[in-house]
Amino acid sequence: MEASALTSPSRSLLSKPSSFRFLSHSISPKQVSFSKTWEKRINLASVKVMAISHNGGEPILPVDDSINPRVKSVKPSKTMAISDHATALVQAGVPVIRLAAGEPDFDTPAAIAEAGINAIREGQTRYTPNTGTMELRKAICHKLKEENGLDYAPDQIMVSNGAKQCALQAVLAVCSPGDEVLIPAPFYVSYPEMARLADAEPIILPTDISDNFLLKPEILASKINENSRLLILCSPSNPTGSVYPKELLEQIADIVRKHPRLLVLSDEIYEHIIFSPAKHISIASLPGMYDRTLTINGFSKTFAMTGWRLGYLAGPKHFLSACAKLQSQNTSGASSISQKAGLAALNLGYAGGKAVATMVKAFRERRDFLVKSFRELPGVKISEPQGAFYLFIDFSSHYGSEVEGFGVINDSESLCRFLLDKAQVALVPGDAFGDDRCIRISYAASLTTLEAAMNRIKDAMALLKPPVTV
């Protein structure tokens, strides 16, 4: 049957009993009549009729494949995309060194893993309360009191499937359409997208490597207006490893307190991966900040529990109730098994005890090696990280360089493609974090792996001509 038969007034061609016939034919808007509702939602200039039914012989109306505008506005995570691509290359036999993902390379401490195994063996595999088991929420309250100077009751704690879920639900709960979310750059890739999902506008606050990527109070003050609803802080920072000192947090708090609508979302997921003399301070512990701060934390980074998917949110009961309502209609409570493991993690001792201290010691050794190595490369600027397990390095002086067989390196994305192609090292371009001058390197890998990666990067950078100095 010819596709043109679709426009014929005769229905005899459509009446033969048969299975579905799959056809493709572009139909002019004048040839097909739709209701006004359909006309608003479908571009009739390119309607595709995909099937003809033998029952009645009428064309099947095309499916409305439109996507929610909020979802369409969200950008996919570059860190996940690059990690997935690097994994695919490794599986295909390409010896790529993967330094893109923000995931500790250590195993979950044995006591934590054993608690999860025991939970399965003992049949503790049922649904839990929406906001988490009482024993875990009480343990989180104790941790926050002892380590952060924050006094919360169990009904001010919500346990979720990872800190990211806590952060998203917090943004959705407190932000309304037209609100502004203030986000210092470089930022964790998901923050602006969380704001967009809430139909709020992300307002990016610039920082500079010369200030260790820390937000200047005067920049914050200049960006606040009547629409400002939420300031997001991450300390220690992903992607920079910067740690906000108490004096700077006090200056920021002084500004925030002047604006009744302005809340703070404090992402403290890396709090115990910190290098002396730096010290972590929870901004909610500062005068006047308790009632306007939502504190995010979890188990993934400190306890090497990324796959367990367990995080928590602490804050004023009014806001927690709103977040819990969202969670009850979304995922409900976190895994019962993971919550038992999380309880064991908090029982390891102050700041995770010896198990966490051992990991932090290794992270510091790796940081020191990479900082020293990259400082030997020409044209590179470094801010030495005080926490987390990332370096955020300024390579922008090399932009404009041309490499034979590759082309021109003109931004962070092309630099990362070059290093993946020539050095077979997977890194994340800085534009994913709001700063195209830099690239992010995760040192959540063994020292031996980092040494091999560094040798490859040095060899690849030697191909850049002409050499550039800062």
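Strand 11 (residues 293-298) and strand 12 (residues 311-314) pair in the antiparallel sense, joined over four bridges, where strands are DSSP runs of E with at least two residues and helices are runs of H or I with at least four, numbered from the N terminus, and where two strands pair if DSSP finds at least two bridges between them. Within this pair, N297 stands opposite Y312 in strand 12. The model is a predicted one, in which local features need pLDDT of at least 70 and side-chain atom pairs count only at pLDDT 80 or more, whereas totals for chains, interfaces and linings use all residues. Residues are numbered from 1 along each chain as its sequence is written, and side-chain values use heavy atoms, with hydrogens and water left out.

Strands 11 and 12 belong to an open sheet that seven strands form in the order 6-12-11-10-9-7-8, with mixed pairing. Strand 6 (157-160) and strand 8 (201-205) are the edge strands, each of which pairs on one side only. From one strand to the next, the twist averages 20°; axes are lines fitted to C-alpha atoms, for helices over the stretch in contact, and angles run from 0 to 180 degrees between N-to-C directions.

Helix 5 packs on this sheet and touches strand 6, strand 11 and strand 12, its direction making about 115° with that of strand 6, where contact means heavy atoms within 4.5 Å. Helix 6 (residues 163-174) lies across strand 6, strand 9 (228-234), strand 10 (263-267), strand 11 and strand 12, and runs at about 160° to strand 11.

R137 lies in helix 5, which spans residues 134-148. Leaving aside neighbours within four places in sequence, R137 is in contact with T131, G132, P154, D155, I157 and V159. A polar atom of the R137 side chain lies 3.0 Å from the backbone oxygen of G132.

A further open sheet, of three strands, has the order 13-18-17 and antiparallel pairing. Strand 13 (390-394) and strand 17 (428-429) stand at its edges, and because each has a single partner strand, one side of each is left without a neighbour in the sheet. Strand 17 runs antiparallel to strand 18 (residues 438-442) and is joined to it by two bridges, with V428 standing opposite R440 in strand 18. Helix 13 (residues 412-423) packs on this sheet, touching strand 17 and strand 18, and its direction makes about 45° with that of strand 18.

Terms used: A polar contact is a pair of N or O atoms within 3.5 Å; within protein, one must be able to donate a hydrogen and the other to accept it, and residues adjacent in sequence count only if both atoms are side-chain atoms.
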